[in-house]
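Please open the model in your viewer and keep the selection tool at hand. The stops below are meant to be followed in order.

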Amino acid sequence: MWSEEVVAGRPAWRHIPSGMVFRKVPGGTFRMGLSEAELAAVRAIEHGGGAEDSLEPFFADARTAQPVREVRVTPFLIARHPMTVAQVRHWLPEYEDDYADADSGTARLEDDLDDLLEALPFRLPSEAEWEYAARAGTTTLTFRGDGKPGEDHLLDDFGDEQRIAAVENAFGLAAMGSANEICADVWIPGFVGAPTDGRARTGDGPRVVRGGAADVYPWQGCDEWLLLLAATRYQHTQFTAVRPVAPLPPGT
């Protein structure tokens, strides 16, 4: 079912039936949520003239990603990048995508989402797992630091191996934050009472979405870079990308 390989100089696990590449994310503890230091970093970008509009709505919504708390995550496999149109068609052969320009582009699912999730032998990440994977050991706005992220962070097509490798984080994951990626958690504003062991919060209602900066490309000057921040979260309403998670293969 799995083959262990080296992809772009890093260990990887390929799901043999589909060809999808996964990376192992090591277990660990991290501070999940939008910290005061990160808020200060966004303020510094704003005060330095890096914001196109008032960021007051962002700061007003900061509570939906707070309070920051310590979360323990166990090791898992996660797809190197969001599923592409070609990868979705492995499970849904009739799938058509209204957003991607090529089969190697990120698939954004609407009506087919439930069918894909039912067909996949994988699961969705909890948002704790997603943020832990996106941060890759960092505590800054993005894995690249506290500077304003730019369009060079974006990757929405995975046909160029060199380009994929160039934007990977320390865990070997590409495009974290580019597409809006759905998580297993039901949307609940804020983290009061949320699990501290990496589990998803379950229940009825829309799910949590992380990322989405490439969904509004080309950027129109409305501070779309905020969607690239590791802690940015909101609720799913329309189309979404999928980056599945799998348990570690036996013996790893």
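The tour goes from a sheet to a helix and ends in a loop.

The model is predicted, so local features need pLDDT of at least 70 and side-chain atom pairs count only at pLDDT 80 or more, while totals for chains, interfaces and linings use all residues. Residues are numbered from 1 along each chain as its sequence is written, and side-chain values use heavy atoms, with hydrogens and water left out.

**Stop 1: the sheet**

Select the open sheet of 5 strands, whose order is E1-E2-E3-E6-E10 with antiparallel pairing. Its edge strands, each pairing on one side only, are E1 (2-7) and E10 (245-246). Strands (E, at least two residues) and helices (H or I, at least four) are DSSP runs numbered from the N terminus; two strands pair if DSSP finds at least two bridges between them.

Now restrict the view to E3 (residues 21-25) and E6 (residues 76-79), which run antiparallel and are joined by 4 bridges. Within this pair, Lys 24 has Leu 77 of E6 as its bridge partner.

**Stop 2: helix H5**

Next, add H5, which lies across E3, E6 and E10 and runs at about 75° to E6. Axes here are lines fitted to C-alpha atoms, for helices over the stretch in contact, and angles run from 0 to 180 degrees between N-to-C directions.

How many residues of H5 (residues 127-135) are buried? The count is 9 of its 9 residues, among them Trp 130, Tyr 132 and Arg 135. Buried means under 20% relative accessible area, exposed over 50%, and partly exposed in between (1.4 Å probe, protein chains only). Just after the helix, inspect Ala 136, whose phi is positive, near 50°.

Then centre on Glu 131, which is found in H5. Glu 131 counts as buried because its relative accessibility is 0%. Leaving aside residues up to four places away in sequence, Glu 131 touches Phe 30, Arg 31, Met 32, Gly 33, Arg 210, Ala 230 and Ala 231; contact means heavy atoms within 4.5 Å.

**Stop 3: Glu 168**

Finally, move to the loop between helix H6 (161-166) and strand E7 (181-186), and select Glu 168 there. Is Glu 168 buried or exposed? Glu 168 is buried, with a relative accessible area of 8%.

Display the side chains of Arg 10 and Arg 80 as well. The Glu 168 side chain makes a polar contact of 3.1 Å with the side chain of Arg 10 and one of 2.6 Å with that of Arg 80. A polar contact is a pair of N or O atoms within 3.5 Å; within protein, one must be able to donate a hydrogen and the other to accept it, and residues adjacent in sequence count only if both atoms are side-chain atoms.
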